[in-house]
Amino acid sequence: HQYRVICLTDHPSYPKFSPSIFLHNGFYTIDGYSTYYPYSYKMIFYEIIKKEIDKKPEAYSFKTVGNRVYVCTTDTLKNGNVRSLDINYSLLIKLNCQFLFSTKIIEQPTEHLELLNKFKGIYWNIYIYKIK
């Protein structure tokens, strides 16, 4: 694959909707659970999710957990959807990340996200967003 994907997970530590699902199905992800991430990559990923972490720092243990890099949001609405996702899209593009997968609708996507498609599955509805 010439591109990478990222997954909007439901929990910063132990997600039910994990990037490993996409690895298993042949996608290259920039996020997930690994036995080891170099500290330099972890800091790059921190720059991607910093705005979300700043919204609710107590929800994340990003700097203390050495083998997880996930994108989560603190802006989940009562209906389960996401109000907005404040991440560093220009850095995602530099990492050749072109798509975001989510089980939740992002109700106020920025100009950097375009909803491409929705797939209804047994366990989740999966929304595919193009990162631009």
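Which side chain makes a polar contact with the side chain of serine 18? That of serine 20 does, at 3.0 Å. The legends below start from this pair and then move through the rest of the model, which is a predicted one.

**Figure 1. A serine pair, with serine 18 in the loop between strand 1 and helix 1.** Here we look at the polar contact between the side chains of serine 18 and serine 20, drawn at its distance of 3.0 Å. Serine 18 has a relative accessible area of 12% and is buried. The loop that holds serine 18 runs between strand 1 and helix 1.

**Figure 2. The chain as a whole, with 3 helices and 6 strands.** This view is for getting your bearings before the other close-ups. Reading from the N terminus, you will meet the elements in the order β-α-β-α-β-α-β-β-β. The chain has 132 residues, and 42% of them count as buried.

**Figure 3. An open sheet of 4 strands in the order 1-4-6-5.** The pairing within this sheet is mixed. Strand 1 (4–8) and strand 5 (113–120) are the edge strands; each has a single partner strand, so one side of each has no neighbour in the sheet. From one strand to the next, the twist averages 25°.

**Figure 4. The hairpin of strand 5 and strand 6.** Between the two strands of this hairpin there are 4 residues. Strand 5 and strand 6 (residues 125–131) run antiparallel and are joined by 7 bridges. Two partners are worth picking out: phenylalanine 119 is paired with isoleucine 126 of strand 6, and glutamate 114 has lysine 130 of strand 6 as its bridge partner.

**Figure 5. Strand 4 alongside strand 6.** Strand 4 (residues 97–102) also runs antiparallel to strand 6, and 4 bridges join the two. Within this pairing, look for serine 102, which stands opposite tyrosine 127 in strand 6.

**Figure 6. Aspartate 31, a buried side chain with no salt bridge.** Aspartate 31 sits in the loop between helix 1 (20–24) and strand 2 (32–33). Where is the nearest side chain of opposite charge to aspartate 31? It belongs to arginine 4, and it is 9.8 Å away. A polar atom of the aspartate 31 side chain does, however, lie 3.0 Å from the backbone nitrogen of cysteine 7.

**Figure 7. Two buried cysteines, cysteine 7 and cysteine 97.** Cysteine 7 counts as buried at 1% relative accessibility, and cysteine 97 is buried with a relative accessible area of 2%. How many disulfides does the model contain? With a disulfide taken as a pair of cysteine sulfur atoms within 2.5 Å, the count comes to 0.

**Figure 8. A salt bridge within helix 2, between lysine 50 and aspartate 54.** The search of the whole structure finds 3 salt bridges, and this view shows one of them. The side chains of lysine 50 and aspartate 54 meet at 2.9 Å, N to O. Both residues lie in helix 2 (residues 39–55), 4 residues apart, which is about one turn of the helix. Are these two buried or exposed? Lysine 50 counts as partly exposed at 30% relative accessibility, and aspartate 54 is partly exposed too, with a relative accessible area of 45%.

**Figure 9. A network of salt bridges linking Glu52, Lys55 and Asp86.** Lysine 55 forms a salt bridge with glutamate 52, their closest N and O atoms being 2.9 Å apart. These two are 3 residues apart in helix 2, so about one helical turn separates them. Glutamate 52 counts as buried at 0% relative accessibility, whereas lysine 55 counts as partly exposed at 36%. Aspartate 86 forms a salt bridge with lysine 55 as well, with closest N and O atoms 2.8 Å apart. Aspartate 86 lies in the loop between strand 3 (68–69) and helix 3 (89–94) while lysine 55 is in helix 2, so this pair ties together parts that are 31 residues apart in sequence. Aspartate 86 is partly exposed, with a relative accessible area of 28%.

**Figure 10. Lysine 132, in the segment after strand 6.** Lysine 132 is partly exposed, at a relative accessible area of 46%. Lysine 132 and glutamine 98 are 34 residues apart in sequence, and their C-alpha atoms are 7.3 Å apart in space.

Methods:
Residues are numbered from 1 along each chain as its sequence is written. This is a predicted model: local features need pLDDT of at least 70, side-chain atom pairs count only at pLDDT 80 or more; totals for chains, interfaces and linings use all residues. Side-chain values use heavy atoms; hydrogens and water are left out. Buried means under 20% relative accessible area, exposed over 50%, partly exposed in between (1.4 Å probe, protein chains only). Two strands pair if DSSP finds at least two bridges between them. Axes are lines fitted to C-alpha atoms, for helices over the stretch in contact, and angles run from 0 to 180 degrees between N-to-C directions. Lys and Arg count as positive and Asp and Glu as negative; His and the chain ends are not counted. A salt bridge is a side-chain nitrogen of Lys or Arg within 4 Å of a carboxyl oxygen of Asp or Glu. A polar contact is a pair of N or O atoms within 3.5 Å; within protein, one must be able to donate a hydrogen and the other to accept it, and residues adjacent in sequence count only if both atoms are side-chain atoms.
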